[in-house]
Amino acid sequence: MNRSAVHVMIVDDEVLIREGLRRIVDGFDGTRVVAVCTGPEAAGEAREHRPDVVLLDVRMPDRDGLSVLADLRALPDPPVVAMLTTFDADEHLSAALRGGAAGFLLKDTAPEQLEYLIKELAAGGRVIAPKVARTVVDGYLRAQSEAREHRPAAPGVPGADDLTPREREVLVLLAEGLSNSEIAGRLLIGTTTVKDHVSTVLGKLGVANRVQAAVRAHQLRLVP
């Protein structure tokens with residue numbers, strides 16, 4: 001990223017939520033809110049202001065979050081989009097994952113955690129608030145199960161046997177929704193080491209991101 005600050009756009013139908021988040025995010029070191037808007041305005045605002053990260057409400061009356069997500073992902077240089085919700089059991093979250101969302105956050109996320117998550121998203125990471133992680137994974141698994149009912153059985157996929165004990169520990173914590181820094185604190189190792197383990201885990205499991213790795217952990221019954 002060539003900018004000195006992460007440019008953020010906030011999309012929500014409630015003005016109090018938009019302005020509250022604007023004040024919080026503008027107070028972070030290294031982030032700047034470049035636009036706040038409602039769903040129907042989102043694509044146009046994104047074209048004009050070219051944000052790095054968009055915080056997008058899932059449920060909006062004028063234009064639902066999934067439709068806005070599709071518009072944003074269709075832009076020539078699409079921003080990273082994290083879905084915002086007040087619900088930890090929202091049926092739209094797994095659909096948002098399939099639609100290209102890179103993160104899932106609750107609106108009551110602590111400010112210090114939100115700052116880390118925005119920067120993680122801007123750096124290309126995938127983030128899920130711990131309270132949302134199980135909802136996203138369950139929805140994704142249901143969708144996969146329904147899809148399998150309509151297609152021939154696929155060959156076997158890489159499993160836990162391919163992972164070292166440490167990599168398995170990292171995978172379990174990742175599936176619980178912990179960030180790299182939280183995993184590092186739990187395992188008493190450096191965040192750089194955690195990033196290396198996560199990259200290795202993704203490669204061994206043949207998945208593209210942390211969310212898919214979390215799904216695989218549940219499929220392998222590593223997480224209760």
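The exercises below, each with a worked solution, walk through a predicted model.

Residues are numbered from 1 along each chain as its sequence is written. In this predicted model, local features need pLDDT of at least 70 and side-chain atom pairs count only at pLDDT 80 or more, while totals for chains, interfaces and linings use all residues, and side-chain values use heavy atoms, with hydrogens and water left out.

**Exercise 1. The sheet**

Task: State in which order the six strands lie in the open sheet, and which strands form its edges.

Solution. Begin with the term: helices (H or I, at least four residues) and strands (E, at least two) are DSSP runs, numbered from the N terminus. Two strands pair if DSSP finds at least two bridges between them. The order across the open sheet is E2-E1-E3-E4-E5-E6, and the pairing is parallel. The edges are E2 and strand E6 (127-128), since each of them pairs on one side only. Next, look at individual pairs: E1 and E2 are joined in the parallel sense over six bridges, and Ile10 has Val36 in E2 as its bridge partner. Strand E5 (residues 103-106) pairs with E6, also in the parallel sense, over two bridges, where Gly103 has Val127 as its partner.

**Exercise 2. Strand E1**

Task: Decide whether the residues of E1 are buried or exposed, and sort them by the way they point.

Solution. Buried means under 20% relative accessible area, exposed over 50%, and partly exposed in between (1.4 Å probe, protein chains only). Six of the six residues of E1 are buried, so the strand is largely enclosed by the rest of the structure. In a regular strand the side chains alternate between the two faces of the sheet. In E1, Val6, Val8 and Ile10 point one way, whereas His7, Met9 and Val11 point the other way. Take Met9 as an example, with contact defined as heavy atoms within 4.5 Å: leaving aside neighbours within four places in sequence, its contacts include Ala35, Cys37, Pro51, Val53 and Leu72.

**Exercise 3. The faces of helix H1**

Task: Find which residues of H1 are buried, and explain why they line one face.

Solution. Helix H1 (residues 15-26) has 12 residues and reaches 16 Å from its first C-alpha to its last, close to the 16 Å expected at 1.5 Å a residue, where the expected span is 1.5 Å times one less than the number of residues. The buried residues in H1 are Arg18, Leu21 and Val25. Seen down the axis of H1, these fall within an arc of 75°, so they line one face of the helix; the arc is that of the directions from the helix axis to the C-beta atoms. An α-helix has 3.6 residues a turn, so residues three or four places apart point the same way. The face turned away from the buried side carries the exposed residues Leu16 and Arg23, while the buried residues pack against E1, E2, E4 and helix H5 (111-122).

**Exercise 4. Two nonpolar cores**

Task: Name the residues of the largest nonpolar core that touch the most other members.

Solution. A nonpolar core is a set of buried Ala, Val, Leu, Ile, Met, Phe, Trp, Tyr and Cys residues joined through side-chain atoms within 4.5 Å. The largest core has 23 residues, and Met9, Val11, Leu56, Leu72, Met83 and Phe104 touch the most other members. Among the elements that each supply at least two residues of this core are strand E1 (6-11), helix H3 (65-73) and strand E4 (80-85). A second, separate core of 21 residues includes Leu173, Leu178, Leu187 and Val201.

**Exercise 5. Three residues compared with the cut-offs**

Task: Classify Asp57, Leu105 and Glu48 as buried or exposed.

Solution. Asp57, found in strand E3 (residues 53-57), counts as buried because its relative accessibility is 4%. Its side chain makes a polar contact with the side chain of Lys107 (3.4 Å); such a contact is a pair of N or O atoms within 3.5 Å, and within protein one must be able to donate a hydrogen and the other to accept it, with residues adjacent in sequence counting only if both atoms are side-chain atoms. Leu105 in strand E5 is buried, with a relative accessible area of 0%. Glu48, by contrast, lies in helix H2 and is exposed, with a relative accessible area of 59%.
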